[in-house]
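Hello,

Here is the structure we spoke about, followed by what I found in it.

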Amino acid sequence: MSKVKTAFFCQNCGYESVKWVGQCPSCGQWNSFVEEIIQKESPKDKKEWTDAAEGKRKNKTVSLSEISSTEQPRILTSDPELNRVLGGGIVPGSIVLVAGEPGIGKSTLFLQNGLWLKDLPVLYVSGEESEQQIKMRADRLGLSNDNFFLLTETSTQVIFQEIKKLKPRLVIVDSVQTLHTPFIESSAGSVSQIRECAGEFQRFAKETNTPVFLIGHITKEGGIAGPKILEHMVDAVLQFEGDRHYAYRILRTLKNRFGSTAELGIYEMTDSGMRAVTNPSEILITQKEDQLSGIAIAATLEGMRPLLIEVQALVTQSVYGTPQRTVSGFDLRRMQLLLAVLEKRGGFHFGVKDVFLNLAGGLKIEDPSIDLAVLCALLSSYEDVAISQHTCFAGEVGLSGEIRAVNRIDQRIAEAEKLGFEKIIVSKYNYTNRKNTRDKNGTTGYKGNIEVITMGRVEEVYQHLF
Ligand SMILES: [Zn+2]
């Protein structure tokens, strides 16, 4: 037995250091180093994903032409959103990290996906909940499956022994923070444990061609070590996000070796589990009888999918000395910039107003094309004049008040038309090249029932609307 060895790990990014340092040289975080006990394994404790693999590995060099390139078919789940986010189903032998805040429904989503896969044995490893709790959850989902196996265990070596017996075709681990391996002495959830356990599952996935989902918790403050340090080890990172107070959840791809990272899945949390939302625009726009001020509809894109979303703004006289700025789903600094543009270009006095901004459904949108709708919602509330419900917007707003072109404009227009909008206001700079030409009225050659209006400056939009 060698003597106890310790090292310091950055709890933010997993950087390892022999001594304590105040600021992480890798990620720049302050006071993020914690001492952890690591026991360097002696040579006889040969670490494998399982004992069974010992001695069986016969890695030798091969000529590239000897390797068959027949790709194994992906496993298609019954969840169209998950399939899309993964780039067309689960790749055999891949290891996928699913990160998200605690309590937003990661376990539910992967429990139901495991239960839906009836044709192949699935092992669900839980270190978080008891068998009874998971059974009750499955009952609430109204699902059962004889091919779905449950293991409440946290030791990786015990898990691998069970895997050896069961030979599952898919393994779901909930969560990676509860795992521990006997080869490392620090406690479960520490950086070195998480990294080592994930490494064992990675070797298991590659050697047996079994896909593994590792669920990992993160907090807004980044207070829990973990998922971040695994990002470079895994094949794909999915982030499950959403506001606990809203029913909608987004599954976003942050990394994917086997597909695009621009994809996104939308779910609605219901009593009977996560429901895939295949046509999100319809739920993100509240249909109202009477027109209200402060509302504008943005034609955005999330991933490859067009999405129409309602922007709600409230501009009121400031009661206290310091005007309030409150934003949900949109970047606060971005809104302050838009307010500054309006002050400077339009002479509006937002400096004495409280401004609240909200995106419907609790979603977060990063697409800059939402700028124009945000600006129009702010103006609509400021003027207390409603914008027609049949109008929507797509455009980025620049510092000098110009409306910039956005990508894939035809796809946005088509989606708006599909949903029954009569008018869409877009940047004229989308139509400066030969392909997209405008006629003399400033309208585009878009063929359809929707009127496409192009504008170059926010002043023009203001005059058009109010
Ligand atoms: Zn760091």
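Helices here are DSSP runs of H or I at least four residues long, numbered from the N terminus. By that count, H3 is followed by Gly 142, whose phi is positive, near 70°. Please keep in mind that this is a predicted model. The average pLDDT of the chain is 85, and 88% of the residues score at least 70. Residues 51-55 are another matter: pLDDT stays under 50 there, and the model has seven contacts beyond four places in sequence for them.

Back to H3, which spans residues 131-141 and in which Ile 134, Arg 137, Ala 138 and Leu 141 are buried. These four cover an arc of only 100° around the axis, so they sit on the same side of H3. The spacing fits the general rule: an α-helix has 3.6 residues a turn, so residues three or four places apart point the same way. Gln 132, Met 136 and Arg 140, on the other side of H3, are exposed.

What covers the buried residues of H3? The cover includes helix H2 (106-116) and three strands, E5 (122-126), E6 (148-151) and E12 (273-276).

The other item is Gln 177, in the loop that runs between strand E7 (170-174) and helix H5 (191-208). Is Gln 177 buried or exposed? With a relative accessible area of 11%, Gln 177 counts as buried, because the cut-off is under 20%. The Gln 177 side chain reaches the backbone oxygen of His 217 at 2.8 Å.

Regards

How values were computed: Residues are numbered from 1 along each chain as its sequence is written. This is a predicted model: local features need pLDDT of at least 70, side-chain atom pairs count only at pLDDT 80 or more; totals for chains, interfaces and linings use all residues. Side-chain values use heavy atoms; hydrogens and water are left out. Helices (H or I, at least four residues) and strands (E, at least two) are DSSP runs, numbered from the N terminus. Buried means under 20% relative accessible area, exposed over 50%, partly exposed in between (1.4 Å probe, protein chains only). A polar contact is a pair of N or O atoms within 3.5 Å; within protein, one must be able to donate a hydrogen and the other to accept it, and residues adjacent in sequence count only if both atoms are side-chain atoms. The arc is that of the directions from the helix axis to the C-beta atoms. Contact means heavy atoms within 4.5 Å. pLDDT is the predictor's confidence in each residue, from 0 to 100.
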